[in-house]
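Reader: I'm new to protein models and don't know where to look first. Could you walk me through this one, feature by feature?

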Amino acid sequence: MKNYKKLIGILTLLSITLTSAGQTSTNSPYTRYGFGQLENQGFGNSKGMGGIGYGMRNGSQINVLNPASYSAVDSLTMLFDAGITLQNTNFKEGSVKTNAKNSSLDYMAMQFRLRKDIGFTIGFLPFSTVGYSLSNTKILDKDEDGNVVNAINSYNGSGGLHQVFVGVGYNVWKNLSVGANVSYLYGNIDHSITTTFNTASA
């Protein structure tokens, strides 16, 4: 019965994470390059301490940065951890100012003991995000009536990469544990450039 409840929990977690994967949680022109903005892989307890996590082993917290720590969970504990990100960003270039507000599901995971000395974790983490919208105007020439012909280039990008992971930690003997995470990356990144032309009186 216990294993049946765990299986239902895992399937519920996966269905929620797959439906939440389409969110864009950033507005930054720097995400135009590469995979976009790489996300912090730590959970709330790690982020609250400046991103540390490799040396932590606590049976009451999920620490994906150190999969060997999964072995610390006891037989009476099942952990579920989720977090959201709220972002308020101000951009300024010369006299042009832009404010962007974003929110997204940050992470979700559960952890429980498989058997004595073996802990198991499954969850969802964003890997990278892409989100930008910017434009520039270039003067091309003048038409026969003396009007200036402008080319307006608009650059837009959205999407990102997400990862579903499973991890196992094994307590080999006292004061020595080993562990590993295996991740599956998926997602879409869309970049587009649109050029429009208009004329303005000289």
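**Reading the fold, step by step**

Author: Let's start inside: phenylalanine 112 and phenylalanine 120 are both buried. Keep in mind that this is a predicted model.

Reader: Okay. What does the secondary structure of the chain come to?

Author: You'll find 2 helices and 6 strands. Read from the N terminus, the order of the elements is α-β-α-β-β-β-β-β. As for burial, 38% of the 202 residues of the chain count as buried.

Reader: How do I read a pair of strands? Which way do β2 and β3 pair?

Author: Look at the direction, then at the bridges. Strand β2 (residues 78-93) and strand β3 (residues 96-115) pair in the antiparallel sense, over 16 bridges. To find your place, take glutamine 87, which stands opposite asparagine 102 in β3. The hairpin of β2 and β3 has 2 residues between the strands, and glycine 94 there takes a positive phi near 65°.

Reader: What joins β3 to β4?

Author: Here 7 bridges link β3 and strand β4 (residues 118-142), again in an antiparallel arrangement. One spot to click on is alanine 109, whose bridge partner in β4 is glycine 123. β3 and β4 also form a hairpin, with 2 residues between them.

Reader: Which residue in that turn has a positive phi?

Author: Aspartate 117, at about 75°. Aspartate 117 has that positive phi although it is not a glycine. It's partly exposed, because its relative accessible area is 25%, and partly exposed runs from 20% to 50%.

Reader: And how many bridges do β5 and β6 have between them?

Author: Strand β5 (residues 148-173) and strand β6 (residues 176-200) pair over 25 bridges, also antiparallel. Glycine 160 is the residue opposite asparagine 188 in β6. Now check the hairpin, where 2 residues sit between the strands and asparagine 175 takes a positive phi near 70°. Asparagine 175 isn't a glycine either.

Reader: Is asparagine 175 buried or exposed?

Author: Exposed, because its relative accessibility is 75% and the exposed class begins over 50%.

Reader: What about the faces of a strand? Where do the side chains go?

Author: The general idea is that side chains in a regular strand alternate between the two faces of the sheet. For a nonpolar group at the surface here, try Tyr170, Val172, Trp173, Leu176 and Val178, which make a patch of about 450 Å². The elements giving two or more residues to that patch are β5 and β6. β5 gives the most, with 3 residues.

Reader: Where does tyrosine 170 lie, and how exposed is it?

Author: It lies in strand β5. Tyrosine 170 is partly exposed, with a relative accessible area of 37%.

Reader: Let's go back inside. Which residues make up the largest nonpolar core?

Author: There are 9 in all: Phe43, Ile62, Val64, Tyr70, Leu79, Tyr107, Ala109, Leu125 and Phe165. There's also a second, separate core of 5 residues, including Leu105, Met108, Val164 and Tyr186.

Reader: How should I describe two aromatic rings together?

Author: Give the distance of the centres and the angle of the planes. A search of the whole structure turns up 3 aromatic pairs. One of them is phenylalanine 43 with tyrosine 107, a stacked pair with 4.0 Å centre to centre and 10° between the planes.

Reader: Why does that pair tie together parts far along the sequence from each other?

Author: Phenylalanine 43 lies in the loop between β1 (37-38) and α2 (44-47), while tyrosine 107 is in strand β3, so the pair ties together parts that are 64 residues apart in sequence. Phenylalanine 43 is buried, at 2% relative accessible area. Tyrosine 107 is buried as well, at 6%.

Reader: And the two phenylalanines you began with, 112 and 120: how do their rings sit?

Author: Their centres are 5.5 Å apart and the planes are at 50°, so that pair is tilted.

Reader: What's a good last residue to click on?

Author: Try glycine 131, found in strand β4. Glycine 131 counts as buried, at 3% relative accessibility. Its C-alpha atom is separated by 6.2 Å from that of serine 28, although the two are 103 residues apart along the chain.

Terms used:
Residues are numbered from 1 along each chain as its sequence is written. This is a predicted model: local features need pLDDT of at least 70, side-chain atom pairs count only at pLDDT 80 or more; totals for chains, interfaces and linings use all residues. Side-chain values use heavy atoms; hydrogens and water are left out. A nonpolar core is a set of buried Ala, Val, Leu, Ile, Met, Phe, Trp, Tyr and Cys residues joined through side-chain atoms within 4.5 Å. Buried means under 20% relative accessible area, exposed over 50%, partly exposed in between (1.4 Å probe, protein chains only). Two strands pair if DSSP finds at least two bridges between them. Helices (H or I, at least four residues) and strands (E, at least two) are DSSP runs, numbered from the N terminus. Patches are made of residues with over 30% relative accessible area and no salt bridge: like charges are joined within 9 Å, nonpolar side chains (Val, Leu, Ile, Met, Phe, Trp, Tyr) within 5 Å. Accessible areas come from the Shrake-Rupley method with a 1.4 Å probe; for residues, only the protein chains shown count as cover. A salt bridge is a side-chain nitrogen of Lys or Arg within 4 Å of a carboxyl oxygen of Asp or Glu. Rings of Phe, Tyr and Trp (its six-membered ring) pair if their centres lie within 6.5 Å; planes under 30 degrees apart count as stacked, over 60 as edge-to-face and the rest as tilted.
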